[in-house]
Amino acid sequence: MRKRGVSLKEQARPLRAPPISQDTVPQQNSESAMAKPQVVVAPVLMSKLSVNAPEFYPSGYSSNYAESYEDGCEDYPTLSEYVQDFLNHLTEQPGSFETEIEQFAETLNGWVTTDDALQELVELIYQQATSIPNFSYMGARLCNYLSHHLTISPQSGNFRQLLLKRCRTEYEVKDQAAKGDEVTRKRFHAFVLFLGELYLNLEIKGTNGQVTRADILQVGLRELLNALFSNPMDDNLICAVKLLKLTGSVLEDAWKEKGKTDMEEIIQRIENVVLDANCSRDVKQMLLKLVELRSSNWGRVHATSTYREATPENDPNYFMNEPTFYTSDGVPFTAADPDYQEKYQELLEREDFFPDYEENGTDLSGAGDPYLDDIDDEMDPEIEEAYEKFCLESERKRKQ
């Protein structure tokens, strides 16, 4: 690292050696040693770095796909290896979906030309989406894109039809899976959450060009919830809560459009579970929080009418972002308070907390404040490091 205020040329100059112990360096005589002080030349360090060095990848990172991506599937002996490598790459770098999905689909169109190849593709994606944590959302997005961009449509069905058929095989054993052993239930829960993501992300184009969701998945999710609540073990109930947090608002809107009361029945089912089931206290609390979330319209803020100006009378959220003030007695009040103007005027008339200081902090009294003078301007090293990390993380999120 280059030292501050010292040029590279100056660093390369011979450095005078520090005093050397007589026990370690033999001297011929003291006079010659004084007449000719020993000079040590700083060694020149040669860097081993090279512009031709291979790219660095963190440990555990698979670079096979990145290296051969430009060549398409030429470096892969089988479709399975090519697809699996892309899925792993997408798992590690989900942000690459937008830039690489088009070429991936084009490559598949040149490779997936038979029923068996299409079946294999569906199975690979399904397994990745239900066995790798946090890939269910990305898997659902991938399925939606391929359902619209794969050109093959064999007698056995297109990509979307084969995908739904694959999901149906798991759906048909839902009751046995919900009451099975821990491994079976865990696999079943992964399937349930993936189906929820499919319901939200899989777009079906109607005959008139309109985009809708798959009604068959809506029906399936309702029955999966029944299976989970019929076997009120902790992990089943946790899965049901996750599914409803994910899809509850969309499902309720869809059911209301059809005049159905399915969500009311589900909430009643949850309340019965809280009262009767032998689940843990934490899970019961989780269920109650879900009921509370639904009572607040799934956390959605009511939109203000677009054709009239927002007022306290027509917009329930009019005062939600207003600051909170306090009277001299410590009583909080906001702009929604009927006596707001009177209380706020009282606040303005209070004595200033720092009467001897200007806005820029200049002391007008001529004497320093004993309290403020004692404040150390330097942060504690740990606090300073944490603050720097916070600033860097905030900047990174702002740029995203």
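A pocket, as the term is used here, is an open set of grid points where a 1.4 Å probe fits, with protein on both sides within 12 Å along at least five of seven lines, and its lining residues have an atom within 4 Å of a point. In this predicted model, the largest pocket is lined by 16 residues. A search of the whole structure also finds twelve salt bridges, and the largest nonpolar core has 77 residues.

**Largest pocket**

- The volume of the largest pocket is about 480 Å³.
- Of the 16 lining residues, K186, H189, A190, L193 and K242 lie nearest the centre of the pocket.
- Two or more lining residues come from each of helix 6 (115–131), helix 10 (182–201) and helix 12 (234–257).
- Helix 10 gives the most to this lining, with five residues.
- Sorted by class, the lining has seven nonpolar, five polar and four charged residues.

**Salt bridges between distant parts of the chain**

- Side chains of opposite charge can pair when their charged atoms come close.
- E98 and R141 form a salt bridge through their side chains, with an N to O distance of 2.5 Å. This pair links helix 5 (residues 97–111), which holds E98, to helix 7 (residues 136–149), which holds R141, and the two residues are 43 residues apart.
- E98 is exposed, because its relative accessible area is 56% and exposed means over 50%.
- E123 and R166 also meet in a side-chain salt bridge, at 2.7 Å from N to O. E123 lies in helix 6 and R166 in helix 8 (residues 159–171), so the salt bridge ties together parts that are 43 residues apart in sequence.
- Within this pair, E123 counts as partly exposed at 29% relative accessibility, whereas R166 is buried at 17%. The cut-off for buried is under 20% relative accessible area, which is why R166 falls in that class.
- K258 and D215 meet in a salt bridge at 3.7 Å, N to O. K258 is in the loop between helix 12 and helix 13 (262–276), D215 is in helix 11 (residues 215–230), and the pair links distant parts of the chain, 43 residues apart.
- Both ends of this salt bridge are partly exposed: K258 has a relative accessible area of 43%, and D215 has a relative accessibility of 46%.

**Salt-bridge network**

- E252, K256, E264 and R294 are joined into one network by salt bridges that share partners.

**Nonpolar core**

- In soluble globular proteins, nonpolar side chains tend to be buried together.
- Of the 77 residues in the largest nonpolar core, L108, L121, L146, F159 and I270 touch the most other members.
- Helix 12 supplies the largest share of this core, ten residues.
- L121 is in contact with V83, L108, V112, L146, L150 and F159, leaving aside its neighbours within four places in sequence. Among these contacts, L108, L146 and F159 are also listed with L121 as core residues that touch the most other members.

**A buried acidic residue**

- D262 is placed in helix 13.
- D262 counts as buried because its relative accessibility is 15%, and buried means under 20%.
- Apart from neighbours within four places in sequence, the contacts of D262 are R222 and W255.

Terms used: Residues numbered from 1 in each chain as written. Predicted model: local features only at pLDDT ≥ 70, side-chain atom pairs only at ≥ 80, totals over all residues. Heavy atoms only, no water. 1 Å grid on protein atoms, 1.4 Å probe; cavity = no way out; pocket = protein on both sides within 12 Å on 5 of 7 lines; lining within 4 Å. Points joined across faces, edges and corners; volume = space filled by probe spheres on them. Helix = DSSP H or I, 4+ residues; strand = E, 2+ residues; numbered from the N terminus. Nonpolar A, V, L, I, M, F, W, Y, C, P; charged D, E, K, R; others polar. Salt bridge = Lys/Arg side-chain N within 4 Å of Asp/Glu carboxyl O. Buried < 20%, exposed > 50% of the residue type's maximum accessible area, 1.4 Å probe, protein only. Core = buried A, V, L, I, M, F, W, Y, C linked by side-chain atoms within 4.5 Å. Contact = heavy atoms within 4.5 Å.
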